[in-house]
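Me: Please take a close look at one part of this protein, the nonpolar patch on its surface. Then work outward from there to the rest of the chain.

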Amino acid sequence: MDFDYTMAIGSFLVAIVVGLTGMGGGALMTPMLVTFFGVPPLAAVSSDLVAAAVMKPVGSLVHLRQGTVNLKLVRWLCAGSIPAAFCGVLIARAFGDGAEVQEVIQKALGVALLIAATGLAIRGYLAMKDRAEGRTAATGRRTAEPGEPASTGLPSVTVRRVPTVLIGVVGGLVVGMTSVGSGSLIIVALLAVYPRLKANQLVGTDLVQAVPLVMSAALGHLLFGDFKLSVTAALLVGSIPGVYIGSRISSRAPGGLIRRVLAFVLLASALKMFQVSNTVTVWVLIGVLLAAPIFWMFLRTRNGLPALPWAPATAGREDTAAARKPDE
């Protein structure tokens with residue numbers, strides 16, 4: 001068995017993203033195997049899922065210890081995702097290589113990921129507006145306090161059983177067929193159905209529910225897929241330490257930081273779902289990295305805040321007060 005060290009390094013970098021954001025495993029790992037290492041698509045899906053079955057519990061344990069997991073949601077998601085994931089493998093095999101089905105799913109995922117990235121940007125804007133208006137939890141703050149970590153306690157949410165099970169079913173089918181969706185699709189759906197969950201808590205809940213989901217899909221691919229031990233070994237060597245490091249950062253980092261990373265990974269994953277070339281993807285992401293801070297500074301100054309978050313806020317507040325004085 002030949003061991004590919006460059007593949008292990010690539011999986012380490014992707015696994016940090018998985019631990020940090022709860023997504024990107026299939027959406028980034030499988031395209032990486034196919035595009036950069038020439039692994040056949042079915043073998044890439046099978047090997048990635050088997051590696052993920054070992055990698056996911058590492059990140060999940062970190063989030064469980066930090067209290068960032070809603071176990072009620074996990075149970076209802078698993079009720080739909082576990083049987084659906086195994087069935088997804090059988091469906092993919094029934095369609096042969098599943099190329100046409102996978103293309104349709106990738107396009108739908110691309111749209112969903114772009115919508116989710118936009119939603120996270122809007123959530124960040126609301127957080128900035130809360131700060132500019134001096135809102136607190138007592139006066140109707142719409143977002144978490146700046147710097148508040150995920151481990152300060154889970155919000156009380158009422159579990160919507162039917163939508164949650166349906167999310168698990170759809171996510172399980174997609175994961176079983178393509179290895180994409182255990183984070184990318186399910187975390188987007190959770191964000192829509194349970195908007196009160198913070199970004200860190202979405203990550204923790206999704207990582208824990210993905211453990212039995214991915215194990216079910218991995219079992220199906222071990223029995224009916226195209227599992228390659230050499231590929232899986234390289235993925236595991238890089239992904240286990242990577243997902244641990246990413247999870248440690250995610251479980252302790254401020255929600256605003258996680259939100260920015262989530263939005264960036266969503267955009268990158270969406271571009272890959274639309275089969276955008278690597279060159280164009282890199283240039284688009286560089287453009288976003290350069291343009292987003294400038295646009296954000298513009299929005300901050302428009303709302304009476306200093307352009308840079310670490311700059312003194314007194315000048316902005318005095319200008320805002322002076323502007324409002326004639327109206328009082």
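Reply: Helix H8 (residues 199-224) supplies the largest share of the nonpolar patch, four residues; helices here are DSSP runs of H or I with at least four residues, strands are runs of E with at least two, and both are numbered from the N terminus. The members of this surface patch are Leu90, Leu219, Leu222, Leu223 and Phe224, and together they have about 450 Å² of accessible area. A patch takes residues with over 30% relative accessible area and no salt bridge, joining nonpolar side chains (Val, Leu, Ile, Met, Phe, Trp, Tyr) within 5 Å and like charges within 9 Å. The salt bridge excluded there is a side-chain nitrogen of Lys or Arg within 4 Å of a carboxyl oxygen of Asp or Glu. Areas are from the Shrake-Rupley method with a 1.4 Å probe, and for residues only the protein chains shown count as cover.

The model is predicted, with local features requiring pLDDT of at least 70 and side-chain atom pairs pLDDT 80 or more, while totals for chains, interfaces and linings use all residues. Residues are numbered from 1 along each chain as its sequence is written, and side-chain values use heavy atoms, leaving out hydrogens and water.

Within the patch, Leu222 lies in helix H8. Leu222 is partly exposed because its relative accessible area is 46%, where buried means under 20%, exposed over 50% and partly exposed in between (1.4 Å probe, protein chains only).

Helix H8 can be followed from the patch toward the interior. Leu49 touches Val214, Ala217, Ala218 and His221, and also Val175 and Ser179, leaving aside residues up to four places away in sequence; contact means heavy atoms within 4.5 Å. Leu49 is also one of the residues that touch the most other members in the largest nonpolar core, a group it shares with Met7, Leu33, Val39, Tyr194 and Leu235; this core has 53 residues. The main contributor to this core is helix H3 (residues 41-66), with nine residues. A nonpolar core is a set of buried Ala, Val, Leu, Ile, Met, Phe, Trp, Tyr and Cys residues joined through side-chain atoms within 4.5 Å.

Ser60 is in helix H3 and counts as buried because its relative accessibility is 4%. Its side chain reaches the backbone oxygen of Leu207 at 3.0 Å. With residues up to four places away in sequence not counted, Ser60 touches Leu207, Val208 and Val211.

Val174 is in helix H6 (residues 161-178). It is buried, since its relative accessibility is 8%. Between Val174 and Ala217, 43 residues apart along the chain, the C-alpha separation is 9.9 Å.

Other parts of the chain give further pairs. Leu257, in helix H10, counts as partly exposed because its relative accessibility is 43%. From C-alpha to C-alpha, Leu257 and Gly124 are 10.0 Å apart in space and 133 residues apart in sequence. Pro306 sits in the loop between helix H11 (278-302) and helix H12 (314-324), and is buried because its relative accessible area is 13%. The C-alpha atoms of Pro306 and Ala132 are separated by 9.9 Å, with their positions 174 residues apart along the chain.

Gln275 belongs to the loop between helix H10 (255-273) and H11. Although not a glycine, Gln275 has a positive phi of about 60 degrees. It counts as exposed because its relative accessibility is 51%.

For the protein as a whole, the secondary structure comes to 12 helices and zero strands. Of the 328 residues, 48% are buried. Among contacts between residues at least 6 apart in sequence, 81% join residues at least 24 apart. The protein exposes about 15300 Å², and carbon and sulfur atoms supply 68% of it.

Key. A polar contact is a pair of N or O atoms within 3.5 Å; within protein, one must be able to donate a hydrogen and the other to accept it, and residues adjacent in sequence count only if both atoms are side-chain atoms.
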